Amino acid sequence: MGLSLTVLGCATPYPAVDNPCSGYLVSHQGTRVWMDAGTGTLGPLQLHTRLEDLDAIWISHLHADHSADLLTAYYALLYADVERDPVPLFGPPGIADRLAAFLTNGPQRSPVESAFEITELHDDHQATVGTLRLTTKAVHHGISAFGVRIEADDTSLTYSGDTAPCQSLVDLARDTDVLLCEAESAEKTPDMAHHTPEDAGDTATEANAGRLIVTHVGRFLTAQEAVTRAASRYCGPVEYAAPGTTFSTP
């Protein structure tokens, strides 16, 4: 059985009326991982799974459009109707103090570790979550940021997070069945922190990915423009990560 990837949202840098920020649910044989928790993604997540049933959360970097709904999840986990042990949370260095700094309203630090069992990511971090194997690599985004390769049985999905084109992402995505790659930038700039659609196509080609899904498309591009431009540099199937869509690996 392949991996299932459900797009909760992919807007940047703030939610659209019908599109939350970056967030995805990866599922396989009952294992469920919330991959990035961007603004507004906790709502659609609950169309597909309960917080009680999540096996882990994985966060690529600490920009709000990829992590802000950890704050609302914290309140759900500690002060509402959700009953469970702390959720395993994989995130960049400093994630616990970053959350606590926002959530603390008095002299005592908010108990973020009561809601989340936190593991800080590093380059080449390896983890097993249920039936899934997660390999994390550092990518180039100007802050601490990571991409992840998720494998189960003989199938794989690689997610870029936010990053400029870099060899570490190509290496991470080598021969992956599906590459979920950001395409935020409409054009090249001297200080690139994102892919253009053409860059996404180049990364998929260099990695020999079996399929490319473009996501995190910037507001100066349409989804169709991003797909068309990515396809000009990659000969495999190219699709857009439309919110609410579920994709499957072979």
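**A quick tour of a predicted model**

Okay, so let's start with the fold: the protein chain has 8 helices and 14 strands. Its radius of gyration is 17 Å, and the globule rule gives 18 Å for 250 residues, so the chain is as compact as a globular protein of that length. Keep in mind as we go that this is a predicted model.

If you draw a box around the C-alpha atoms along the principal axes, you get roughly 55 × 40 × 35 Å. How much of the chain is buried? Of the 250 residues, 55% are.

Now, contacts. Take the ones between residues at least 6 apart in sequence: 60% of those join residues at least 24 apart.

On to the outside. The accessible surface adds up to about 10,400 Å², and carbon and sulfur atoms account for 51% of that. As for charges, we have 14 positive and 33 negative ones, and the mean positions of the two sets sit 2 Å apart.

Let me finish by zooming in on one residue, Thr196. Where is it? You'll find Thr196 in the loop that runs between β11, residues 178–182, and α7, residues 197–207. Is Thr196 buried or exposed? Well, the cut-off for buried is under 20% relative accessible area, and Thr196 comes in at 3%, so it counts as buried.

And what does Thr196 touch, if we skip residues up to four places away in sequence? The list is Ala183, Ser185, Glu187, Lys188 and Arg229. So have a look at Thr196 in the model: a buried residue, sitting in the loop between β11 and α7, with Arg229 among its contacts.

Note on methods:
Residues are numbered from 1 along each chain as its sequence is written. This is a predicted model: local features need pLDDT of at least 70, side-chain atom pairs count only at pLDDT 80 or more; totals for chains, interfaces and linings use all residues. Side-chain values use heavy atoms; hydrogens and water are left out. Helices (H or I, at least four residues) and strands (E, at least two) are DSSP runs, numbered from the N terminus. The radius of gyration is taken over C-alpha atoms; the globule rule is 2.2 Å times the number of residues to the power 0.38. Buried means under 20% relative accessible area, exposed over 50%, partly exposed in between (1.4 Å probe, protein chains only). Contact means heavy atoms within 4.5 Å. Accessible areas come from the Shrake-Rupley method with a 1.4 Å probe; for residues, only the protein chains shown count as cover. Lys and Arg count as positive and Asp and Glu as negative; His and the chain ends are not counted. The place of a charge is taken as NZ of Lys, CZ of Arg, CG of Asp or CD of Glu.
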